[in-house]
There are 4 protein chains.
Amino acid sequence: MSKVKIGIIGAGRIGKIHAENLLKHPEVEIVGVSDLFAGPELEAWTAARGIDLLTKDANQIIGHPDIDAVFICSSTDTHVPLIKQAAQAGKHIFCEKPVSMSIAETAEAIEAVKQAGVKLQIGFNRRFDHNFKRVREHVEAGTIGDLHIIKITSRDPNPPSKEYIQVSGGLFMDMAIHDFDIARFVSGSEVVEVYAQGGVLVDPVFAECDDIDTAIVTLKFASGALGVIDNSRQAVYGYDQRVEVFGSKGSVAIANDHPNTAVVSTAQGIISDKPLHFFLERYMGAYADESKQFIDSLVLGTPLPVTGEDGLQAERIALAAKLSCKLNRSIKLAELDELILQSAKS
Amino acid sequence: MSKVKIGIIGAGRIGKIHAENLLKHPEVEIVGVSDLFAGPELEAWTAARGIDLLTKDANQIIGHPDIDAVFICSSTDTHVPLIKQAAQAGKHIFCEKPVSMSIAETAEAIEAVKQAGVKLQIGFNRRFDHNFKRVREHVEAGTIGDLHIIKITSRDPNPPSKEYIQVSGGLFMDMAIHDFDIARFVSGSEVVEVYAQGGVLVDPVFAECDDIDTAIVTLKFASGALGVIDNSRQAVYGYDQRVEVFGSKGSVAIANDHPNTAVVSTAQGIISDKPLHFFLERYMGAYADESKQFIDSLVLGTPLPVTGEDGLQAERIALAAKLSCKLNRSIKLAELDELILQSAKS
Amino acid sequence: MSKVKIGIIGAGRIGKIHAENLLKHPEVEIVGVSDLFAGPELEAWTAARGIDLLTKDANQIIGHPDIDAVFICSSTDTHVPLIKQAAQAGKHIFCEKPVSMSIAETAEAIEAVKQAGVKLQIGFNRRFDHNFKRVREHVEAGTIGDLHIIKITSRDPNPPSKEYIQVSGGLFMDMAIHDFDIARFVSGSEVVEVYAQGGVLVDPVFAECDDIDTAIVTLKFASGALGVIDNSRQAVYGYDQRVEVFGSKGSVAIANDHPNTAVVSTAQGIISDKPLHFFLERYMGAYADESKQFIDSLVLGTPLPVTGEDGLQAERIALAAKLSCKLNRSIKLAELDELILQSAKS
Amino acid sequence: MSKVKIGIIGAGRIGKIHAENLLKHPEVEIVGVSDLFAGPELEAWTAARGIDLLTKDANQIIGHPDIDAVFICSSTDTHVPLIKQAAQAGKHIFCEKPVSMSIAETAEAIEAVKQAGVKLQIGFNRRFDHNFKRVREHVEAGTIGDLHIIKITSRDPNPPSKEYIQVSGGLFMDMAIHDFDIARFVSGSEVVEVYAQGGVLVDPVFAECDDIDTAIVTLKFASGALGVIDNSRQAVYGYDQRVEVFGSKGSVAIANDHPNTAVVSTAQGIISDKPLHFFLERYMGAYADESKQFIDSLVLGTPLPVTGEDGLQAERIALAAKLSCKLNRSIKLAELDELILQSAKS
C-alpha cells in the first residue's frame, strides 16, 4: 500500500505538533515543509525526522507532484489564498482556525474547495477531546433530553503578547471561536442570535489594541435552546475549559483535566494541583486524533469530522459577537450579511 | 429580661418556618398569628405551640400593644400596605421577598419605615446559607482579587402550579430576584446594566401566563465586572444553586449540598444521590439564621443584614431584566425610571 | 396524651446534648437531672430550661416515681450499677457507650434489663448519621451484592488530655468501639476474628498511659468478609470518618462532611475547607435522631435501634483487639472468654 | 551518536508494550525479538516495525554481539536463568516482575548482575505513574510530616484465567507484589513485619488453585509506621488503584483515573463513568516512562529507578504475607529465612 504524502505549510508551534502526530502513522509520509522563517533550527528539526524538503516557498509544497494533502498552519491572513491554490492543485487540505477574518473570503475558500472536489478539514481540535466528545455522546444518546441551556467556560491561563493581540482578530475571532464551534458541536443546533458584553479587566493592553479580555456571550439556538459563554484571557489557576449542557432529562457537565488526582489534607485545608496548564497539555490527545481522522478520511473515505462550513459558521458567530459588543445590542445571524454591508459602507 | 414579642402575619409554609425557628429562641415569644384562611388546622398548630392569639385580621396583630415586631409572610400584594401600617404602629418588620411588584410602591414602603424609625429586614435567605456566606467571605478577604466574572446557576426542581405562576410576578421577580440579590451580595457592587434572554422550554403553561421558564441574564456591575445568571424552572435532578466568582487572583465556586456523601461504584458507573431537593431542605439553616439575626438586631442592636434598600435594588434589576427580555435589548438601570414612565403611558 | 418523663444522670457535655435534643420534642418532659458536680452553673442551666429538679444523687432520679426513663451519661464505671438500679426500678434506659470495660459486667447489666422487662438503648450515635445510614441502606438493598471488604477510617482531630486517656479504657474501648459497632451495623454480620497492630506515633503520653494512638485492625466476619479499620488520635486536618463497603456488585463509600462546598482556585492550587471539626459538629443530627428513636420506641413501641447486645458485641471486639495487640496474634472471638479467664489468673 | 541496541525476550502483551515504547525513542534500535511461540503473527508484527531478527531461541538475543541490553518479558520461571546468562554476556537487563518465586534464586540473579557489573531494572511500573509519583513527591517534600499510616487499595477488574492463576505464584506474589513495592516506594522505609488475612470470596477457582482472591495485609515499617493493603481480584466497577499516606502534618490521597470528567445529573442520580479499565489503560504512560528511564540510565548514566534489590524486597514481603496467611500469625521479615528453611524441611 502506498503512503499518504503530506506537505506542511507553516512550521510554528502548531505546525510542528501536527507533523509529530502525522509521523506516528505508518501510512503517512511527510514529503516537505515550508515556512517563511525556515533556517538552521528548522533544518535540524526536519533532518532529524527524515523530511528531505524544507523551503520558504509554500508553492513548492502546493505544487509538489507527490503531495496528496497539505496542512495549512501559517498565519491566518495566508489561509484563504493557500486554500484556493491548494484546491486548484487538487490537494486535500487541513487548515487551522480561523479560516479567515472575513466571512466573505472564507465562503470563497469553501467554494474553491467545492469546485475542486477536494477535502477540507478545519482545526477545531476540541471536538476530539475526551471530555467534549463525551458531552456530545450523551446529547446524541438522548441522556439530556431536549436541550435548554448550554454553558461554556473558556479561560486562558495567561494573556498573549501585544504583538499577538494586534493580529489576533480579537477575543471573539481568536479565542471564543473555539467555544462557538463547541456550542454548535455539542448542541447539534445552529446559533441564530448573539448578544455579547465585554470588558477590559485583565490588562489595559487589550484596550490599546481595541480588544477586550473578558466577555459574556448569550446565544440563542435554532432549537430554542439558550447558551452562554464566559471568556477570560487570564485565569491564574490555569486553563479553564468546562461545558455544561442542561435539558429536559438532566445535565452533563465536564470539569478540567488535572495532572494527577492527589489530594493533600493539612491543617490549612484540602488542596489539589491546578488543572493542566494550557492547550498543549490539555489537548495533546485531541490534536493527535484530529489529524488521524483527517488521514482516515483520505485513506478510508470516512466523513470529515469538521468541515469548511463548520469553520464558516463559527466565524459568523464570532463576527456577530464582535458587532453585538460594539453596538451593545443583540445580533441576529440572519441580519449579519446586511450589517457587514452597512459596516463596509460606513 | 423581658422577651421580644412577635406577631406572624400569614401562616403559610414560609410563615410557619419562621414561627418554628423563632420558637427555638428562649428570648422570643410569639404573641399572635393572623392568616386569611385561619381555621381548625391552624388552630391546632398554634395551640400545640402555646400561641394564644389566632385571627384572620392582620390589624389585630399590627395593632396589638404587646407586639414588638411583625413577620409579614402573606401574599406579595399585601406587603406594602402592611409595612406602612406596621411602621406607623411602631413595629419592627421582617418582610418576605419581593416587597412588591412595583418599585415605586417598594420605595414608598421604605420611606414609611424610615419615617417611623423602625427596622425592616427583607427575606433574602440565601445570604445566610453556609455556602453563599463562604463565597462572600472569600471576596471580602481579597482571596479572589478584583472581580471579573460572577456566575450564578439557579434552577428549581419543579415548576410551580399555574395558579402560582399567574400571581408570581414572573420568573425574574419571583425566582431570579434571589439571584439578583446574591449577585449584589457576593460582589459588593451595584448592577448598572442588564440583558436578559428568555424562553419557554419547560412547559407551555408559562407562555399561557405570559411568563418564561428559562433565562440567561447578563449583568454589568458598577465595578466593571460582568455577571451571568442562568435560570430554569425545572432541573429534574433537583434544586441547583451554584455560584462562581472569578477574578484577578483566582475563583471561588460553590456546589450543591447533598443529603449524604455516599458514592456507589457498580458495573454501570459511579453514582451518588441527587442534591437536596428544594429550598426547604437546602436553606433550612439559612432560614433559622436570618430570623436569629433579625432578633439579634432588635435585642443587641446589631446591624440589619438585609435592608429595604436591598429589597428595592433586587426588584429594580428584576424589572430591568423583564423589560430587557420584552424589548430584546440591554437596559441600563439609570434609564429604568424613565422606561417605567413610558411603559405606564403606552 | 401524657408526656414521656425523662431523668438525666450525668450532665456533662454529652448529657447536655441529649437534654437539649429531648427538649425539642413536645411529647417529652425532663423531670430532673443528677450530676456529681451539680453547682451554680448547672443550676442556671436547668433553670433556663424549666427543669425543676437538680441533684447530686442519681438515686433521686432513678427512684423518682414520675420518671419513665433515664439517660445514663455519667462516667463509664457507673454505668453497670446504674443500669441495674434503674432496671430494678422499672425505668427504661438510654446508656452511653461503652456499657463497661468488662464484658462480664456488661452481660450482667443486660441480664438485669432483661429480667426487669425494660428497654435499653446504647449510645452508638453513628448509626443515625446520614452517611452511615446510607451505607447500610445500600447494603440492605443488595446494591453491593455479597460483601467482601469493609473498610473504616476513623481519626480524631486532637488527642484527649492525659487525664482522659488514663480512664478511657484505651484506644480500642474508647474510640474504636464506635468503629466496631459500625462494622457490625453496615455489614449485618458478626465479627469472628480480630488482629490488631498498634503504635505510639502521635504523642508519647499514650505510652505513659500504657495506651496506643495509632492502630490497624483486621476483622474477619462470620459471613467470610474481611474488614479493616485504621485509627489515629490525631488527624491535623480534622475529624476523619469514612467507610467503604466492597462486594460482588460494587462498592459504596462515604466521605467526610464539610462546613461548605466552596472550592477556591488560585495560582497556588485548588483549595477547600477542612471537614467538620469533631463529633459535636459532625454528629449533631445523629444525636438528635438517636434520642428521638428511643422516645419513639417508648411511645410508639417501635423496635430499639441499638440494643444492649450491640453494646456487648462491640466491647467483645474491642477486648479482642486489645488482646491481639498485646499478644501480637490474631484472636478468635470464640476463644475470648477463656483468654479472659487465663488473663485473670495470671 | 550510535543507537542503543535492544533485544526483546518474550513478545507477549507486555513485551510488545515495551517494544512499542522503545520504538518511539530515536536513540533506540530494536535489533531482535525472541519468543517461544514465534509464528506468522509475530513475523508480521516485527516486519511492520522494521525489526529484522525474530527467533524462538532467547540465546540468539542474549548472544547477539550488537545488542547492548535485553528486556526479559518471558514467563517468570525463565527470569533467573535469563538474567544470569545476560549478565554473563555483559548485557544490561530490564526484567519484568517478579524476578522469581524464590527469594534465594532472586538473590542469586542479583549477585550475578553485580559480578558482571551490568545494570538491572525491575518492571515496577507504578512508580512511574503520575499519581503514585505525586504521593512520593509530597512525602519527600515533608508535606505529610512523619508517616503514621500507609493505605493501599489495589483491586483488579476481573480475575485471570485458571491457567494463569495456577502458575501465577498466588495473589501476593503476582498481584500484591506491586503494592508491596509501592508501600516501600511511597514510605521510603523497609517493611519489618507482615500480617495477612485472606479469603476466597470472588470465585471458588482460586481455592481449587490453592490461592485466594481477597486479602487484607497489615504492614509494620522500620520507621514505626503502619500500613494496610486491601486486595481483590474482582472490582466490577473497574481497576481500583488508590493510595493514602497519613502522618503528623496531614495526608495525601490519590484516586483513580477516569476516561473523562463528565458528570451526568438525572432524575435517577448523579452519574459518572467508571475508572480506566485495567493496567494497560491506567499505566500506559508509566510503561513509557519506565523504559525511557532505563534507556536514560544506559545513555546518560542516570541512576536506575528500580533495582534488583527492590525486586527482592518486594518478593520477601510477598512471601511473608503468604506464610502469614497460611500460619495465621504475623511474620517478622527478620525470621523469614529461617522459616523458609523450616518450610523446606517439612
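User: How much area do domain 1 of chain A and domain 2 of chain A bury between them?

Analyst: This is a predicted model, in which local features need pLDDT of at least 70, side-chain atom pairs count only at pLDDT 80 or more, and totals for chains, interfaces and linings use all residues. Residues are numbered from 1 along each chain as its sequence is written, chains are lettered from A in the order written, and side-chain values use heavy atoms, without hydrogens and water. An automatic or database assignment sets the domain bounds, giving domain 1 (4–118) and domain 2 (127–284 + 312–340) in chain A. Buried area is the accessible area (1.4 Å probe) that two parts lose on being put together, summed over both; carbon and sulfur atoms carry 71% of it here, and the total is about 1,100 Å².

User: Which three residues supply 54% of the area that domain 1 of chain A buries against domain 2 of chain A?

Analyst: Contact means heavy atoms within 4.5 Å. Twelve residues of domain 1 of chain A contact 16 residues of domain 2 of chain A. No other three residues supply more of the area buried by domain 1 of chain A than A:K97, A:M101 and A:I103.

User: How many salt bridges does the rule find across the interface of domain 1 of chain A and domain 2 of chain A?

Analyst: A salt bridge needs a side-chain nitrogen of Lys or Arg within 4 Å of a carboxyl oxygen of Asp or Glu. Across the interface of domain 1 of chain A and domain 2 of chain A, the number found by this rule is zero.
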